[in-house]
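Please open the structure in your viewer and keep the selection tool at hand, since this tour goes from one selection to the next.

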Amino acid sequence: VDLSTLFFDERLFNLIVDDLRNNSNQHRPADVWLEAGGGADDPAAVGQFASENLIAPWVGFGASEITPESLYWYYQYLADIDAIGLMESYFESESRWKPAAHALSVADLGTILDVNLICPFIREPAREQLHIIEVGGGYGRLAEAFLNLFEGKVKYLLVDAVPSSLMYAREYLSRCNPDWRIGFSYDNDPLDWERFDCYIAPIWALGELGVGDFDVAVNVQGMQEMDQHHVDFYLNWFDAVLREEGIIYLCNRRDHVFRGEWRFPNHWECLLKTITPRSWTRDFPAEVYRKGVGTFASENNLREVMYRHERDYMRQGVRTEGERRQYRVY
Ligand SMILES: C[S@@+](CC[C@H](N)C(=O)[O-])C[C@H]1O[C@@H](n2cnc3c(N)ncnc32)[C@H](O)[C@@H]1O
């Protein structure tokens, strides 16, 4: 679905903005998102909101179509980790692209990255379906990938707090595949996994729903644009909604809007903390945790140190080769 064709439904948008103003309380997003995604009170900020210009706040540079230059920064890394075989659907090699590759955006390469970093850690759920919760899923980039990859085997709860993201995610995912059953709290749909494959709601509408029930919790490039109290809340909330042994995947910059403390529960075991193609110039780890029992503070500290080594030394090789090719690093 071409993001530029998403329909701005003014009535629905205003309904969500009113709900945000009346009911979001401590979940009200940081100013940067009220301005970009609707809901700001300040008339000057309201004036900055542009419904047709949301692709940049969601995926930034990722909205651009891939070129040999942008692919370079991702290709080898993805080819190496791609146990799922997605890269083969698009590329024979870095320079030999299959026809489908010409429609890929840089954000799609990010999706191949995210699913390949999450899937190896997923264990067969005890029940038939895998239950995933994502906070700040934008237009549904990753939800779409999981609904495709695990067709009929996944239940996806997409949680946000920004009016435009909630509104467009519903439209985007409904249009991706009309067979997907998408529930939406603003349609007064109940959160009923018998009826829906994916459910979209603002955080303040969820209350105690689903506590202890999820297998995987995800946040990609969302917490990096929140305030300390949001990040504290969501880390604790992930802990509450995940079952024991549940997996947490986070991919957030440390050098962006949120510069506060990451207060991970001590019983989360860090399984992976690594650089990715998003990190060649940024402090931008991908992290996987497992909700465990006991305390993993010292192991996690070691992972943190190793991550910093990777970040500072290992990415140099990729950058040196890029510079040799006279590629501009993004
Ligand atoms: C940069 S976008 C990333 C979107 C998506 N994760 C991706 O990588 O394509 C940040 C997302 O976080 C959401 N967001 C911002 N503040 C939030 C908050 N306080 N609570 C929940 N979601 C929030 C935005 O609406 C948006 O969907």
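A residue is called buried when its relative accessible area is under 20%, exposed when that area is over 50%, and partly exposed in between. Keep in mind throughout that what you are viewing is a predicted model.

Begin by selecting Phe-146, which counts as buried because its relative accessible area is 0%. Now add Phe-150, whose relative accessible area of 23% means that Phe-150 is partly exposed. Is the ring pair of Phe-146 and Phe-150 stacked or edge-to-face? With 5.7 Å from centre to centre and 25° between the planes, the aromatic pair of Phe-146 and Phe-150 is stacked.

Next, select Trp-237 and Phe-238, where the ring centres lie 6.5 Å apart and the planes meet at 35°, so this pair is tilted. Trp-237 and Phe-238 are both buried.

From there, select Phe-258, Trp-262, Phe-264, Trp-268 and Tyr-289 together, and you will have a cluster that is linked by ring pairs. While Trp-262 is still highlighted, add Arg-254, which lies over the face of Trp-262 at 4.1 Å from the ring centre. In total, the count of aromatic pairs comes to 21.

Finally, turn to the ligand, which sits in the largest pocket. Which residues come nearest to the ligand? Among the 22 residues around the ligand, the nearest are Gly-136, Asp-160, Ser-165, Val-220 and Tyr-234. Select Gly-136 first, and look for a polar backbone atom that is 2.8 Å from a nitrogen atom of the ligand. Then select Val-220, where a backbone N or O atom lies 2.7 Å from a nitrogen atom of the ligand. At Ser-165, by contrast, look to the side chain, where a polar atom lies 2.7 Å from an oxygen atom of the ligand. To end the tour, show the protein surface around the ligand: on its own the ligand has 600 Å² of accessible area, and the protein covers 99% of that.

Key: Residues are numbered from 1 along each chain as its sequence is written. This is a predicted model: local features need pLDDT of at least 70, side-chain atom pairs count only at pLDDT 80 or more; totals for chains, interfaces and linings use all residues. Side-chain values use heavy atoms; hydrogens and water are left out. Rings of Phe, Tyr and Trp (its six-membered ring) pair if their centres lie within 6.5 Å; planes under 30 degrees apart count as stacked, over 60 as edge-to-face and the rest as tilted. Buried means under 20% relative accessible area, exposed over 50%, partly exposed in between (1.4 Å probe, protein chains only). A charge sits over a ring if NZ of Lys or CZ of Arg is within 6 Å of the ring centre and within 35 degrees of the ring normal. A residue is near a molecule or strand if one of its heavy atoms lies within 4 Å of it. A polar contact is a pair of N or O atoms within 3.5 Å; within protein, one must be able to donate a hydrogen and the other to accept it, and residues adjacent in sequence count only if both atoms are side-chain atoms. Accessible areas come from the Shrake-Rupley method with a 1.4 Å probe; for residues, only the protein chains shown count as cover. On a 1 Å grid over the protein atoms alone, a cavity is a set of points where a 1.4 Å probe fits but cannot get out, and a pocket is an open set with protein on both sides within 12 Å along at least five of seven lines; lining residues have an atom within 4 Å of a point. A molecule sits in a cavity or pocket if more than half of its atoms lie within 2 Å of its grid points.
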